[in-house]
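Subject: Structure for you to look at

Hello,

Here is the structure I said I would pass on. Please open it and keep it beside you while you read the notes underneath.

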Amino acid sequence: CAFCHGQNGEGILTQRGDTQLGPPLAGVGAAAGDFQVGTGRMPMAQPGQQAPDKAPVYSQDEIDALGAFVASLGPGPAVPDEEEYSIEGLSADERVEAIVRGGQIFLTNCTACHNFNGGGG
């Protein structure tokens with residue numbers, strides 16, 4: 001991780017200084033670490049714009065430890081519990097409310113990379 005993200009999660013620029021090998025991790029929270037490492041997107045073989053998913057390299061205990069480290073770098077979203085995103089058992093009105101809330105969270109936290117419609121940037 002440190003090769004691209006730095007020993008303190010500060011991110012590493014290329015020698016030209018115009019692109020990053022890896023972005024800073026301060027403030028991305030445990031959720032980003034859990035997602036990137038848990039889906040096998042990280043570690044990457046080489047820097048690129050979008051890491052494809054593959055089999056995870058780390059165990060769940062290691063993924064949790066990496067997430068905890070990333071979370072310690074600055075405030076950011078925690079790994080959600082299933083109760084926070086499951087719509088099972090909700091009434092129709094509660095489902096609509098949950099979907100609207102999820103849309104608001106997406107617009108606030110995800111559109112910078114994934115565009116407002118989720119189609120990518």
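In residues 1-74, the C-alpha atoms at the two ends lie 17 Å apart. Helix makes up 36% of this span and strand 7%. The span is also part of an annotation: an unreviewed UniProt entry places the feature "domain: Cytochrome c" at residues 1-74 and 97-121.

Please bear in mind that this is a predicted model. The mean pLDDT of the protein chain is 88, and 98% of the residues score at least 70. Confidence is highest in helix H3, with a mean of 95, and lowest in helix H5 (residues 111-114), with a mean of 80. As a rule, predicted coordinates should not be read in detail where pLDDT is low.

The chain as a whole

Five helices and two strands occur in the protein chain. Read from the N terminus, the order of elements is α-β-β-α-α-α-α. A box of roughly 55 × 30 × 25 Å, taken along the principal axes, is filled by the C-alpha atoms. The chain has 121 residues, and 14% of them count as buried. Among contacts with a separation of 6 or more, 35% are between residues 24 or more positions apart.

Helices H2 and H3

How do the axes of H2 and H3 cross? Helix H2 covers residues 29-38 and helix H3 covers residues 60-72; their axes come within 7 Å and cross at roughly 145°. The crossing is right-handed. On the H2 side, the residues that meet H3 are Gly-29, Ala-30, Asp-34, Val-37 and Gly-38. On the H3 side they are Gln-60, Ile-63, Asp-64, Leu-66, Gly-67, Val-70 and Ala-71. Sorted by class, this contact has six nonpolar, four polar and two charged residues.

Gln-60, one of the H3 residues in that contact, is partly exposed, because its relative accessible area is 48% and the partly exposed class runs between 20% and 50%. Between the C-alpha atoms of Gln-60 and Val-100 there are 31 Å, and the two residues are 40 apart along the chain.

The loop between H2 and H3

Met-42 is in the loop between H2 and H3, and Pro-43 is found in that loop too. The peptide bond that leads from Met-42 to Pro-43 is cis, with omega near 0°. If residues up to four places away in sequence are not counted, Met-42 touches His-5, Gln-36, Val-37, Ala-51 and Lys-54. Of these partners, Lys-54 is twelve residues from Met-42 along the chain, with 8.9 Å between their C-alpha atoms. Val-37, another partner of Met-42, is also among the H2 residues that meet H3.

His-5

Is His-5 buried or exposed? This residue of helix H1 (residues 2-5) counts as buried, because its relative accessibility is 12% and the cut-off is under 20%. Its contacts, with neighbours within four places in sequence left aside, are Glu-10, Gly-11, Ile-12, Gly-22, Pro-23, Leu-25 and Met-42. The last of these, Met-42, links His-5 by contact to the loop between H2 and H3.

Ala-98

Ala-98 belongs to helix H4 (residues 92-109). With a relative accessible area of 30%, Ala-98 is partly exposed. Residues up to four places away in sequence aside, Ala-98 touches Ile-87 and Leu-90. Asp-34 lies 64 residues from Ala-98 along the chain, and their C-alpha atoms are separated by 22 Å. Asp-34 is one of the H2 residues that meet H3.

Where to begin

I would start with His-5 and Met-42, which are in contact, then follow the cis bond from Met-42 to Pro-43. After that, turn to the right-handed crossing of H2 and H3.

Regards

Terms used:
Residues numbered from 1 in each chain as written. Predicted model: local features only at pLDDT ≥ 70, side-chain atom pairs only at ≥ 80, totals over all residues. Heavy atoms only, no water. Axes fitted to C-alpha atoms, helices over the stretch in contact; angles between N-to-C directions. Helix = DSSP H or I, 4+ residues; strand = E, 2+ residues; numbered from the N terminus. Left-handed = near helix turned anticlockwise from the far one by under 90°. Contact = heavy atoms within 4.5 Å. Nonpolar A, V, L, I, M, F, W, Y, C, P; charged D, E, K, R; others polar. UniProt positions renumbered as here; feature names shortened; annotations may be inferred. Buried < 20%, exposed > 50% of the residue type's maximum accessible area, 1.4 Å probe, protein only. pLDDT = per-residue confidence, 0-100.
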